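Q: Please take a close look at a single part of this model. I should like a connected account of how that part is packed, followed by its surroundings and by some details elsewhere in the chain.

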Amino acid sequence: MSTISIKNLSFAYNGQDLLFDNVSLSLDSQWKLGLLGRNGRGKTTLLNIIQGKLDYSGKISANIDFEYFPQAISDKDNLTLYAIQDKFHVEQWELKKEFSQLQLDPKVLWQPFNTLSGGEQTKVLLALAFKNKNSFVLLDEPTNHLDAHTRQQVATYLNNKKQGFIITSHDRDFLNQVIDHTLVIEAQNIRLQQGDYARYEEQKKIEDKSNLAQNEKLKRSISQLKTSATQKKNWARSAEREKENNSHADKGFITAKAARVMKRSTTMQKRIESQIKDKEGLLTNIETINPLSINIEPSHHRDILTVKNLTLSYPGYTDLFKPISFNLEQGQQIVINGDNGSGKSSLIKAIQKQDGVNVTGGSIYLANNLKINYLKQLENKSNDNITLKKLAENNSLEYNKLLNVLHKLGIERNTFTNRICDLSAGQKKKVFLAKCLLKPANLYLWDEPLNYLDTFNQDQIIQLIKDYRPTMLIIEHDSRFIEEIDADIIGLHKL
């Protein structure tokens, strides 16, 4: 057992507010610790600080080696084993030992890394991270892009590990299976406690209920104090006007009276403003969730999308999945389900007639004159070097409306002038989600919309779909999300 000691940690990116201010923590290296918090609060930053990748003030000490996931693979076109060994010192037998626990076929070592499915790549990198039994592993979003079956395999793998780790993930069910402590970066403090996400969430709800009542009392008190402060200002102005307007009165008497009232008013005003500041500082640590809206343009068509006996392939490859048929009507939501590599994203690309995907059998029918809204898993990096204002201009969006949606999604106003490349992965996802919510559409094709989004945003999206019932074809693996929106499910099965 070893202790990871963090003392008086402070950190801010250049030109930005402090992310961490004088934080002190003591972490046990045997803990399986969930690192939680809203996007942009600094989860990935904290992992980078622990690894020594960023300069900070304070002190971090630990008598243990750290391993980070996901590792960067330089030559993804190379065979997986050689691509890994080109950058990391690892023996083939070490990887195979971990592969057996992850239920991963060792044959993937002899395939180019970039040809592996998302789930296979994740398993390979997990095996690399856990090969050293004496290390403490920092896992940054390992559940992204994993199908439900693979998530369960990874959960079982992590449960069987004796060594500790820190993990960030926005899949609540997954976290509840694998962690025994939680570290939460909240709005006004950092909370460390024993137990899983469900225990934290239960305690936070109880606290928030009490804090909301306390906040209302504080707000009423602050309002009364501000009213009183305004009255004191008015008294002083009234005395000053009396001196100016009463030309026949005793000027000396009125001036002295005005000075006394002004002095008394100023003293009381300062005291009241001090009380207001103290009370505003007590307004408690509550996360606010604002409802979202979506710019749906109704279609006069009942049948929006019809797929009959469809099969797809890429040039030189066999069909991706067994023939499928389904019909998507206006106001209906369908979730496309299937293992990684079964062709879910390819189906969405084929519907939009994107190059590279071949229809080898069956048909796709789209209603005429549809406006399609496509939310990708990952946006093109060509958008990374532009500002939010330029993004709005390029997409014919009202800039203020874009900022308003982003604020509802939890992005702080002080980041609005940043380039998109300066935002966290979760913040970037919110930017492109906001763009999708604002652009008018009849049909929404969303590919893994929950990836990188915090649990508060997930709740917002669930409620949005329940409230508006947009016509949607969605790829998503989160079981809670699928159950909550009550969508129809179409399964893809590999040949």
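A: Contact here means heavy atoms within 4.5 Å. Helices (H or I, at least four residues) and strands (E, at least two) are DSSP runs numbered from the N terminus. The model is a predicted one, in which local features need pLDDT of at least 70 and side-chain atom pairs count only at pLDDT 80 or more, while totals for chains, interfaces and linings use all residues. Residues are numbered from 1 along each chain as its sequence is written, and side-chain values use heavy atoms, with hydrogens and water left out.

The part chosen is helix α4, residues 118–130. Its 13 residues reach 18 Å from the first C-alpha to the last, close to the 18 Å expected at 1.5 Å a residue; the expected span is 1.5 Å times one less than the number of residues. Of those 13 residues, 10 are buried, so α4 is largely enclosed by the rest of the structure. Buried denotes under 20% relative accessible area, exposed over 50%, and partly exposed the range in between (1.4 Å probe, protein chains only). The buried residues of α4 are G119 and the run T122, K123, V124, L125, L126, A127, L128, A129 and F130. The elements that cover them include the strands β5, β6 and β7 and the helices α2, α3 and α5.

One of these covering elements, α3 (residues 92–102), packs on α4 at an angle of about 125°, and the two axes are 9 Å apart. Axes are lines fitted to C-alpha atoms, for helices over the stretch in contact, and angles run from 0 to 180 degrees between N-to-C directions. The two helices are therefore oblique to each other, given that angles under 35 degrees count as roughly parallel, over 145 as roughly antiparallel, 65 to 115 as roughly perpendicular and the rest as oblique. The crossing of α3 over α4 is right-handed, meaning that the near helix is turned clockwise from the far one by less than a right angle; anticlockwise would be left-handed. On the α3 side, L95, E98, F99 and L102 make the contact, and on the α4 side K123, V124, L126, A127, L128 and F130 do. The residues of this contact comprise eight nonpolar, no polar and two charged. Ala, Val, Leu, Ile, Met, Phe, Trp, Tyr, Cys and Pro count as nonpolar, Asp, Glu, Lys and Arg as charged, and the others, Gly among them, as polar.

Helix α5 (residues 148–159) is another neighbour to consider; at 1.5 Å a residue its 12 residues should span 16 Å, and its end C-alpha atoms are 17 Å apart, which agrees. T150, R151, Q153, V154, A155, Y157 and L158 are the buried residues of α5. These pack against the helices α3, α4 and α6 (172–178) and against the strands β3 (32–37), β6 (135–140) and β7 (165–168).

Between β5 (65–69) and α2 (80–85), two elements that help to cover α4, lies the loop that holds P70. P70 is joined to F69 by a cis peptide bond, with omega about 5°. Most residues other than glycine have a negative phi, and most peptide bonds are trans. N22, which is not a glycine, has a positive phi of about 55°; N22 lies in strand β2 (residues 20–28) and, at 48% relative accessibility, counts as partly exposed.

Further along the chain, α11 and α12 offer a second helix pair, with axes that come within 9 Å and cross at roughly 125°. That makes α11 oblique to α12, and α11 passes α12 in a right-handed crossing. K401, L402, V405 and L406 of α11 meet K430, V431, A434, K435, L437 and L438 of α12. In this contact, seven residues are nonpolar, none polar and three charged.

The loop between α11 (399–408) and α12 (425–438) contains I411, which is buried, with a relative accessible area of 4%. Leaving aside residues up to four places away in sequence, I411 touches L406, F416, Q427, K430 and V431. L406 thus belongs to the α11 side of the helix contact, and K430 and V431 to the α12 side.
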